[in-house]
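Biologist: I'm new to reading models like this. Could you walk me through a few features?

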Amino acid sequence: MDVRVRFAPSPTGYLHVGGLRTALYNYLFAKHNNGKMILRIEDTDRSRYVENAIENLIDSLKWAGIEYDEGPDIGGDYGPYKQSDRLELYKKYAQELLDSSKAYYAFDTSEELTEMRKKNGDIFDPKYKRLEMNNQFTIGLEESKKLINNGVDYVIRLLVPENEEIIFQDIIRGEIKVSTNDIDDQILLKSDGYPTYHLANVVDDYSMKISHVIRGEEWLPSTPKHILLYNSFNWEPPKFAHLPLLLNKDKSKLRKRQGSVAVEDYIQKGYLKDAFVNFIALLGWNPTGDREIYSIKEFIEYFNLEKVNKAGAVFDVQKLDWMNQQYIKLINPEILAEILQISAKKRNFEITNEYSIKLINLFKERIVLVDDIFEVAPYMFTDNFDYDKEYFNKKWNEKTISIISKLLAIYENTDEFSHSNLHNITKEYVENMGKKITDVIHPIRLMITGQSSGASMFETMEILGKDRCMKRFKYFFDEIFIKLCNE
RNA sequence: GGUCCCAUAGACUAACGGUUAGGUCACAAGCCUUUCACGCUUGCAGUAGGGGUUCGAAUCCCCUUGGGAUCACCA
């Protein structure tokens with residue numbers, strides 16, 4: 001069997017991280033099986049349509065490296081890939097169900113439906129009362145057609161049979177059984193002529209020859225409705241796999257409020273694509289359990305739906321951060337340097353590529369995101385930074401001043417401002433004085449960076465260069481020292 | 001509330017019915033070190049509860065409990 005899967009988001013804004021994982025699993029499954037992946041846009045709700053949403057969706061997928069074989073932007077033999085461009089098809093099939101008495105016309109207004117649910121007493125059981133409402137069953141087919149000819153709004157509902165068991169196999173969850181008595185007469189075609197999800201989804205999956213429907217668990221309860229539709233059409237249903245949900249810390253379905261859920265937010269924050277994809281892939285599935293870092297190639301090689309977990313997975317940003325940090329240490333510094341350079345420009349700092357690479361190598365072990373460098377080491381970009389007053393009080397006294405000033409004179413007379421040479425001459429000097437290197441390094445760090453901690457001091461000085469360092473020493477004694485003393 | 005799904009530490013997860021229940025994040029301690037990190041080592045911590053089936057159960061079955069999803073002219 002040819003494997004054909006689809007990712008079918010609705011264009012209501014941005015790509016949700018849960019959506020990204022669904023897309024990823026579809027992609028991995030397709031690639032693993034030499035199949036095709038289709039991107040289909042489910043835009044049948046005109047009221048929720050958001051401008052540019054499709055473009056955003058596509059951008060986010062591209063960023064993540066998820067490539068599809070057919071889609072609205074690349075075409076294919078089974079298109080169009082936007083449901084709003086396929087309305088005639090849904091109408092045709094709805095008519096077919098009407099003709100075979102598997103569906104019927106209904107004319108209830110939304111007020112009447114609300115009233116029905118109220119009258120029902122139990123607000124939690126809003127099942128459509130077929131024999132009491134305003135539809136083909138109560139007024140007859142002839143009367144229904146008359147109303148329609150007179151321009152009265154109508155919908156088409158699925159006639160759900162009674163006392164039947166709908167049974168299907170889910171690849172991840174096994175057999176699932178539901179009684180048709182618990183299924184409502186679904187609306188298939190809305191009064192605006194657009195199909196509902198259920199109809200459009202089934203018609204499209206069938207006509208696009210989808211072999212496996214891999215989607216979120218939230219669709220599990222409506223799958224029996226879809227099976228019913230496939231049966232009504234005499235179509236063979238595809239195989240289903242319902243993925244576990246991505247969860248908030250409180251275990252509820254991952255939604256806004258408790259942090260970012262839009263993929264573009266994570267892009268904007270500067271998470272690396274490979275790290276993000278790696279992290280997302282391991283939420284709900286793991287090939288071995290004793291390894292965390294995988295390339296996309298390896299994911300494709302190992303992926304199988306049978307090993308996907310059933311239980312939901314909490315989206316833990318802390319581990320995402322760790323993952324990103326791992327990738328920062330792993331990835332070619334030149335790539336990161338490029339990112340840093342762009343970020344620097346946005347902050348009005350002009351740095352050379354060479355300088356950028358040096359910064360990455362110096363700080364890559366102490367950042368989670370590339371942009372953290374600006375927080376961790378503002379002193380690498382500007383001479384205008386804050387000094388740690390508390391650290392000053394702790395590290396500076398009369399003796400420090402005399403030791404430091406002599407050392408600075410030595411630095412001034414050195415032409416070779418490399419970290420190894422700085423280390424050597426400093427060491428030689430302090431040892432002659434009967435001191436330890438730590439006695440001078442902390443005061444120097446304060447003068448150069450304003451901070452109490454940071455990367456290797458001599459490497460920092462080397463990268464900054466002699467001129468900048470000597471200027472900072474001077475500035476410190478001329479201005480900052482007195483200021484800190486008086487504060 | 002009905003229906004459906006789910007249940008290994010705080011989080012992500014591994015374990016042909018036979019392991020001392022393994023790995024990762026987080027947390028803690030130690031080592032390394034010019035500081036902070038990184039790294040390394042160690043530690044803390046788990047099969048929700050109760051019944052079965054079996055020589056043997058995290059694993060299979062049942063019940064309870066807990067969590068979640070869903071029930072729209074939204075997808």
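Biologist: Is K319 buried or exposed, or something in between?

Modeller: Keep in mind that this is a predicted model. To judge burial, you count neighbours: 20 or more other C-beta atoms within 10 Å makes a residue buried, and 12 or fewer makes it exposed. K319 has 14 within 10 Å, so it's partly exposed. You'll find K319 in helix α12, residues 317-330. Its C-alpha atom is 48 Å from that of A94, a residue 225 places away along the chain.

Biologist: Okay, now helices. How do α1 and α10 lie relative to each other?

Modeller: Look at the crossing angle: 65 to 115 degrees counts as roughly perpendicular. The axes of α1 (residues 17-32) and α10 (residues 273-281) cross at roughly 80° and come within 10 Å, so these two helices are roughly perpendicular.

Biologist: Which residues of α1 and α10 meet there?

Modeller: From α1 come V17, L20, R21 and L24, and they meet V277, I280 and A281 of α10. Sorted by class, that contact has 6 nonpolar residues, 1 charged and no polar ones.

Biologist: Why do residues a few places apart point the same way?

Modeller: Because an α-helix has 3.6 residues a turn, residues three or four places apart share a direction.

Biologist: And which residues of α19 are buried?

Modeller: Quite a list: V440, P443, I444, R445, L446, M447, I448 and T449. They pack against α16, α17, α18, α20 and α21. Helix α19 itself covers residues 437-449 and reaches 18 Å from first C-alpha to last, close to the expected 18 Å. After α19 comes G450, with a positive phi near 80°.

Key: Residues numbered from 1 in each chain as written. Chains lettered and ligands numbered in written order. Predicted model: local features only at pLDDT ≥ 70, side-chain atom pairs only at ≥ 80, totals over all residues. Axes fitted to C-alpha atoms, helices over the stretch in contact; angles between N-to-C directions. Helix = DSSP H or I, 4+ residues; strand = E, 2+ residues; numbered from the N terminus. Parallel < 35°, antiparallel > 145°, perpendicular 65-115°, else oblique. Contact = placed C-beta atoms within 7 Å. Nonpolar A, V, L, I, M, F, W, Y, C, P; charged D, E, K, R; others polar. Expected span 1.5 Å × (residues − 1).
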